[in-house]
Amino acid sequence: MFKPTEYQIKSVATGNVCEDSLWLLDFKGEEKPSLIRAIYAKKQLEVKEDHEGLYCYSDWLPIKKILKCDSKPVTYKSELLASKLGLNNLYITFSGYYPERGAMMRTCSFKETEAYSICARLSEEQKNDVIVVSSAGNTARAFAQVCSDNNIKLLLTVPEDNIDALWFEDKLNPCVKLICSASGSDYFDAINLGNIACELDGYFAEGGAKNIARRDGMGTTMLSATTFIGRIPDYYFQAVGSGTGAIAAWEANLRFIEDGRYGSHKARIFVSQNKPFTPMYDAWKQDSREMLPYDTDKARVDANAIVAKVLSNRKPPYSLVGGLYDTLKDTDGEFFAISNEEAEMAAAMFEELEGIDINPAAAVATASLIQAVEGNLVGKDDVIMLNITGGGEKRFKENKDLFYLKPEKVFDVDTDKEEIKDFIRSLKY
């Protein structure tokens, strides 16, 4: 019988601590926008091999139950890619489908780590309500699969141009519904759709970066790497759309320092965006906590021009206390901007040397590692974690007839809010 994880909630901005309540996402009444964190009762992580999938890390997941789960991030030491780059201690944390390495994520994305953690945080009081998830693609696919498998009511909002990412091995449970913002829109427009849905009774927001379960689920990549290596890495590489995964890695690192068995240093967080959509990169390079002005029409064009569509968040948790700006400052981090061509070359190199295809966002991260090596920003003996946030999609799809989730309705970006609400009310779960 699984016992719910013991933890409290802490405001990063003020240090205020309280008990968790129903889907707490922030402290009300605090002056500065801030993330909250889970403070776990168990300070030393015990990896529970008898728990399914990523629930082996349940000590540091804010969960009330364990769901059906057969996947978790897998870390291994690179040989061929490491040799090509002249690195002696390159570790790859792979989230996707790579059976030879023990990676079995059916949606081929580390977004499964979020979905399994968030859905396991749901309480009995929420079982009849609908969770709303806005996504540029991979997050929607992961939540759709996990909610379908576990009969959890879900409304997805996704840009119409990105719905080719909503592929599945089998037809989904009808508890999963999809609505879209029309072609030419972007992730921010899909978020607006989701916000409208959450104004209705019986619908609630998953919460994005503010949800401790999302971040700590994503943080299992760092848990996998650190426990496998036996120490905290010196460097952590990841491509970012919102930056939530990098924030999660930083937070997991801080927990390992408190654990005391894996070192007392902070991994330098090295993140990357896909040119020409680089709003966080641009702000970081000007040492600005605040995001810089970004024309809406240009942002939509730039978002649709990048190969890694999932990296196209216009409103990321960059500026708020405990967000990506603080992550990079505290870890002496760095930001890279990667072109489509550089990402494609990195993907080809990874597949040739590591034997598995990777998703465009993971290719952006790999390209940033190549840039860091070429710029002498990392040393040959440094312990490096490359977070491959999605891969094996080509392998998984071989000889399969896939099911694609179709939208219940596509809305123009200027559709009247009440019309949208009326349609959502008409959905039958």
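Here are a few worked exercises on a predicted model, covering one serine, the cavities and some aromatic pairs.

**Exercise 1. Work out whether Ser134 is buried or exposed, and what its side chain reaches.**

Step 1: Find the spot. Ser134 sits in strand 8, which spans residues 130-134.

Step 2: Check the accessibility. The cut-off for buried is under 20% relative accessible area, and Ser134 comes in at 15%, so Ser134 counts as buried.

Step 3: Look for polar partners. The side chains of Ser134 and Thr157 make a polar contact of 2.7 Å. The Ser134 side chain also gets to the backbone oxygen of Ala190, at 3.4 Å.

Step 4: Widen the view. If you skip neighbours within four places in sequence, the contacts of Ser134 are Thr157, Tyr187, Ala190, Ile191 and Gly194.

**Exercise 2. Find the cavities of 30 Å³ or more and describe the linings of the largest and the second largest.**

Step 1: Count them. Searching the whole structure turns up three cavities of that size.

Step 2: Take the largest cavity, with about 280 Å³ of space. Its lining has 26 residues, and Lys111, Thr139, Gly241, Val310 and Leu311 lie nearest the centre.

Step 3: See which elements contribute. Helix 3 (138-150), helix 5 (212-218), strand 13 (235-239) and helix 7 (244-259) each give at least two residues to the lining of the largest cavity.

Step 4: Sort that lining by class: 15 polar, nine nonpolar and two charged residues.

Step 5: Move to the second largest cavity, at about 40 Å³. Among its lining residues are Pro159, Asn162, Asp186 and Lys309. Tyr187 also helps line the second largest cavity, and Tyr187 is one of the contacts of Ser134 from Exercise 1. By class, this lining has three nonpolar, four polar and two charged residues.

**Exercise 3. Classify the ring pairs Tyr7 with Tyr40 and Tyr97 with Phe396.**

Step 1: Get the overall tally. The whole structure holds 18 aromatic pairs.

Step 2: Start with Tyr7 and Tyr40. Their centres are 5.9 Å apart with 55° between the planes, a tilted pair. Tyr7 is in strand 1 (residues 7-11) and Tyr40 in strand 3 (residues 36-40), 33 residues apart.

Step 3: Check burial. Tyr7 has a relative accessible area of 13%, so Tyr7 is buried; Tyr40 is at 3%, so Tyr40 is buried too.

Step 4: Now Tyr97 and Phe396. The ring centres are 5.0 Å apart and the planes are at 85°, so this pair is edge-to-face. Tyr97 belongs to strand 6 (residues 97-98) and Phe396 to helix 13 (residues 393-397), with their positions 299 residues apart.

Step 5: Finish with a group. Tyr235, Phe237, Phe270 and Phe336 make up one aromatic cluster.

Definitions and conventions: Residues numbered from 1 in each chain as written. Predicted model: local features only at pLDDT ≥ 70, side-chain atom pairs only at ≥ 80, totals over all residues. Heavy atoms only, no water. Helix = DSSP H or I, 4+ residues; strand = E, 2+ residues; numbered from the N terminus. Buried < 20%, exposed > 50% of the residue type's maximum accessible area, 1.4 Å probe, protein only. Polar contact = N/O pair within 3.5 Å; in protein donor to acceptor, adjacent residues only side chain to side chain. Contact = heavy atoms within 4.5 Å. 1 Å grid on protein atoms, 1.4 Å probe; cavity = no way out; pocket = protein on both sides within 12 Å on 5 of 7 lines; lining within 4 Å. Points joined across faces, edges and corners; volume = space filled by probe spheres on them. Nonpolar A, V, L, I, M, F, W, Y, C, P; charged D, E, K, R; others polar. Phe/Tyr/Trp six-rings, centres within 6.5 Å; stacked < 30°, edge-to-face > 60°.
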